[in-house]
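Biologist: I'd like to go through this model slowly, beginning with how its strands are put together.

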Amino acid sequence: MIQLYNADNYHKIDWFSKRNGQFLKTYFEPLIEYEISRFIENVHSEIYLLEVDDLLLPVSVTDKQYKDSYVASPYTHYISYAKEELWELKNKET
């Protein structure tokens, strides 16, 4: 079984029937319920939980957040952060 949960339907998760349910409930339920930016100022992602059989996998979806933390934004990770690092190296080809 495959199911995707977000803020609208995460309350339907049977946490106890999942291998990692209790762990993810503890850490991810607040991020889904209150939005992640309430806890991490420079992250504006939507958090989802993907259920695959008896396993829950956290998923972060970021849409056009160019100044978010590099751990949440692919653009920041691969473009902005890389440019900063090249500048720090004083690379003339940037």
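Modeller: Two strands pair if DSSP finds at least two bridges between them, and the elements themselves are DSSP runs numbered from the N terminus, with at least four residues for a helix (H or I) and at least two for a strand (E). This is a predicted model, in which local features need pLDDT of at least 70 and side-chain atom pairs count only at pLDDT 80 or more, while totals for chains, interfaces and linings use all residues. Residues are numbered from 1 along each chain as its sequence is written, and side-chain values use heavy atoms, without hydrogens and water.

Biologist: Okay, how many bridges join β1 and β2?

Modeller: There are 4 bridges between strand β1 (residues 2-5) and strand β2 (residues 46-52), and the two run in the antiparallel sense. If you want one spot to look at, find Leu-4, which stands opposite Leu-50 in β2.

Biologist: And what about β2 with β3, parallel or antiparallel?

Modeller: That pair is antiparallel as well, with 7 bridges between β2 and strand β3 (residues 55-61). Following this pair along, you will see that Val-52 has Leu-55 in β3 as its bridge partner.

Biologist: Which residue in that hairpin has a positive phi?

Modeller: It is Asp-53, whose phi is near 55 degrees in a hairpin that has 2 residues between β2 and β3. That phi is a positive value in a residue other than glycine.

Biologist: Is Asp-53 buried or exposed?

Modeller: Asp-53, in the loop between β2 and β3, is exposed because its relative accessible area is 51%, where over 50% is exposed, under 20% is buried and anything in between is partly exposed (1.4 Å probe, protein chains only).

Biologist: Which residue in the loop between α1 and β2 should I look at next?

Modeller: Try Glu-35, which lies in that loop and has a positive phi of about 75 degrees although it is not a glycine. Its relative accessibility is 55%, so Glu-35 counts as exposed.

Biologist: Changing topic, how many aromatic pairs are there?

Modeller: Rings of Phe, Tyr and Trp (its six-membered ring) pair if their centres lie within 6.5 Å, with planes under 30 degrees apart called stacked, over 60 edge-to-face and the rest tilted. By this rule there are 2 aromatic pairs. In one of them, the rings of Phe-23 and Tyr-27 have centres 4.9 Å apart and planes at 50 degrees, so this pair is tilted. Phe-23 and Tyr-27 are about one helical turn apart, because they are 4 residues apart in helix α1 (residues 21-34). Tyr-27 has 51% relative accessibility, so Tyr-27 counts as exposed.

Biologist: What about Tyr-34 and Phe-39, how far apart are their ring centres?

Modeller: Their centres are 6.5 Å apart, and with the planes at 65 degrees the pair is edge-to-face. Tyr-34 counts as partly exposed at 39% relative accessibility, and Phe-39 is also partly exposed, at 45%.

Biologist: Which residue lies over the face of Tyr-34?

Modeller: Arg-38 does, at 4.3 Å from the ring centre, under a rule that wants NZ of Lys or CZ of Arg within 6 Å of that centre and within 35 degrees of the ring normal.

Biologist: Last one: where is Arg-19?

Modeller: Arg-19 is in the loop between β1 and α1, and a relative accessible area of 61% makes it exposed. Compare its position with Leu-56: the two are 37 residues apart in sequence, and 7.8 Å apart in space from C-alpha to C-alpha.
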